[in-house]
Amino acid sequence: MAEAHQAVAFQFTITPEGIDLQLSHEALRQVYLSGLRSWKKRVVRLKNNVITGVYPASPSSWLFVVIAILATMYTRSDPSMGLIAKIQEHLPASGSLSLQCQTVVSAVVFSTMLWLSLIFTMKLCLKQLLSYHGWMFEQRGNVSNTTKVWMMLVRIFSGRQPLLYSYQGSLPNLPVPAVKDTVRRYLESIRPLKSDSEFERVNTLAKEFEVSLGNRLQWYLKLKAMWASNYVSDWWEEYIYLRGRGPIMVNSNYYGMDFMYATPTPIQAARAGNILHAVMMYRRKLNKEEIKPSRIPGTFIPLCSAQCERIFNTTRIPGEETDTVVHWKDSEYVAVYHRGRYFRLWLYQAGRMLSPREIEYQIQRILDDPSTPAPGEEKLGAFTAGDRIPWAQARKEFFSSGVNKRSLDCIEKAAFFVTLEHDELVKKGDDPDATLDHYAKSLLHGKCYDRWFDKSFSVVMYKNGKNGLNAEHSWADAPIVSRMWEYVLATDCFQLGYNEEGHCKGDVNPSLPRPQRLTWDIPSQCQERLAQSLSVAQVLADDVDFHVFAFHDFGKGSIKKAKMSPDGFVQLALQLAFYRDRGMFCLTYEASMTRLFREGRTETVRSCSSESCEFLRAFENGEDVEVCRRLCQSASEKHQQLYRLAMTGAGIDRHLFCLYIVSKYLGIESPFLKEVFSEPWRLSTSQTPVQHLEMFDFVNYPEYLTCGGGFGPVADDGYGVSYSLIGEDIITFHVSSKHSCPQTDSHKFGKQIRKALGDLLQLMTVNQKEASRSEQNHSPKPQSKKEL
């Protein structure tokens, strides 16, 4: 076959006349082009490293400084105040250079030193400027003079046209809060959840910790903060994610959905062709750092981009004590799963990325492949869905050598993982919510063996053209993956598109080598362990209760007209829904980012506050409308304050977490810290913002509404709620819980959320509606034609 011949660089045979060497010029050409692409990438990386290293200056500014210094020297002035002469005296090759040449070389050396000093000064100034967060605590439209001057200086020192990682060296380090401040805010957060006697007990433990052990542990944290880029992130990744020994499926991994109402093509291979090509386009832009740095929405304040480095070519490797995240520089292929078989699909040929039509052709080859799975191959992915220790032991025993190791390496080193579903994502009757519920469960855990949950992310392609993804959590947080996924969906529909038959645009290259089928030799002992992992995973998956719905009654546009923070409004609605559902308040987790700081990840906003509880009691007890409105505004403002504190490094939970880790290293038991980490988060929430607003037009193309994503429940007797405020009029919710808990019901809780949203908006706009009716009743009526 032609493709087999091209895969070999040369052939030789032994003849009586000697060795007959036959070179394949096409194969050598492929090797040359592939190597050329690799060297081009190295050059691009080197260039980007130089540009990022000198930012906020530019490499061309060096030439400007050199010319300026030489120009001043020719005017018989010495801008270096004698330093150029000192450099000239110590030139190593001064004897072989003329006096004029020595002067020029010395001036260039001085100019370079001056240029580097200016860059260091600019970076330091920008770092100090970005450490100021007072602007975040000011009201809209009431900006102080200090903030105005600060904004002007940030613009001056920020330079122009930054690359993705340009700001990394200028971002401030995450500060370590004072122990007394963290303890005070912690006590404030739990006050509405404790009885007087319980609170007094915890308060005593907290005060003892503050004046004794807390200061000792704090000393170690301050030492780490001086040495490390971020005193939280490495421990957070290791102890919260990698040291967990339970399944990461459901418990850790999360998912992202396709468009809610639109499917650009019903052809599975065609949709896969565009999607995979768009993902690789994003990776190419990422490698070239052509993606703009993330910023605080509506501002020019940069966010840390460090998590972007591990989106592709990354896998979580199981270990008996702790897992590790391994990242490879580059991979030119993806691993594909279909009907129990694994394939390697190359997305490059001769250094060129395959077109969408070529990828569609290759995907169709996989779909048409009649081969059957090897024994144990079909459900091999269940190892990644079950407990980590059995997977680590099986990997060491059965996948450390031979054909199994080669095939496993192929999956783990792939750019990402792809699942081609053999089934359609069918509608569940006439209920769109039921279809979305099924869709969410499918993306979160599938059949428990048809995803590779250890990969950084897996793209899932359904038979009817729908898609989605499942992402591993340890290496990055959801905003990083959602930003990529938004780009992919928008590129698929609005840039690449499809022809009239629903196929990808372009021509087919039938000479492409076929996708490579991975081979396995899985013994019966390994298959028995695989069955055990699958049974653990299936019990976990069957227990998940999901409810996904889009709330169309109103969105953030109406909430902002009520002069409330949209996120604060939704959080209050969730608090109200939980209070009505369970008749109690609970410790509530809302994820907030700390990417204003270098290598920042997340912090917890404890949304259940004394102010929110006071409002909800008054509202449910039928207090006066004006009183309820005032309390609602106070609760919303408190939430905004807590969110700002979390974003600016003054949160509670990450500081306490690190203090707890230090205590464990020292072998000291702290009753206070033990109390803190024994409290369950019965309501775990997260907002997924739409980041590529410029790529979507929700007004003219409402069918291309992104549905966001979700995650599994954190507590056995609680709810996990992910929500997205899309456009001005839609809010999507992903609610999860466990069937095994008689106190939780995701669908019931969804109804409570809908009602709570409506009740809160009615409360906050009742006066506005009455004023509007009053204006209509008292406004002069237009005269009729007869009166005119």
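Here is a short tour of selections to make in your viewer, stop by stop.

This is a predicted model, where local features need pLDDT of at least 70, side-chain atom pairs count only at pLDDT 80 or more, and totals for chains, interfaces and linings use all residues. Residues are numbered from 1 along each chain as its sequence is written, and side-chain values use heavy atoms, with hydrogens and water left out.

**Stop one: helix H5.** Select residues 99–130, the 32 residues of H5. Helices here are DSSP runs (H or I) of at least four residues, and strands (E) are runs of at least two, numbered from the N terminus. The end C-alpha atoms of H5 sit 46 Å apart, which agrees with the expected 46 Å at 1.5 Å a residue (the span is 1.5 Å times one less than the number of residues). Now colour the buried residues of H5, including Phe110, Trp115 and Lys123; buried means under 20% relative accessible area, exposed over 50%, partly exposed in between, with a 1.4 Å probe and protein chains only.

**Stop two: helix H6.** Go to residues 145–157 and pick Val149, which is partly exposed at 43% relative accessible area. Add Met152, Leu153 and Ile156, and you have a nonpolar surface patch of about 350 Å². Patch residues have over 30% relative accessible area and no salt bridge; nonpolar side chains are joined within 5 Å, like charges within 9 Å. A salt bridge puts a Lys or Arg side-chain nitrogen within 4 Å of an Asp or Glu carboxyl oxygen.

**Stop three: positive charge.** Select Lys40, Lys47, Arg284 and Lys288, which gather in a positive surface patch. Arg284 lies in helix H11 (residues 268–287) and is partly exposed at 38%.

**Last stop: strand E6.** Within residues 333–338, click Tyr337, which is buried because its relative accessible area is 4%. Then measure across to Ile366: C-alpha to C-alpha, Tyr337 and Ile366 are 9.1 Å apart in space and 29 residues apart in sequence.

Notes. Areas by Shrake-Rupley, 256 points an atom, 1.4 Å probe, with all protein chains shown as cover. Lys, Arg positive; Asp, Glu negative; His and termini not counted. Charge placed at Lys NZ, Arg CZ, Asp CG, Glu CD.
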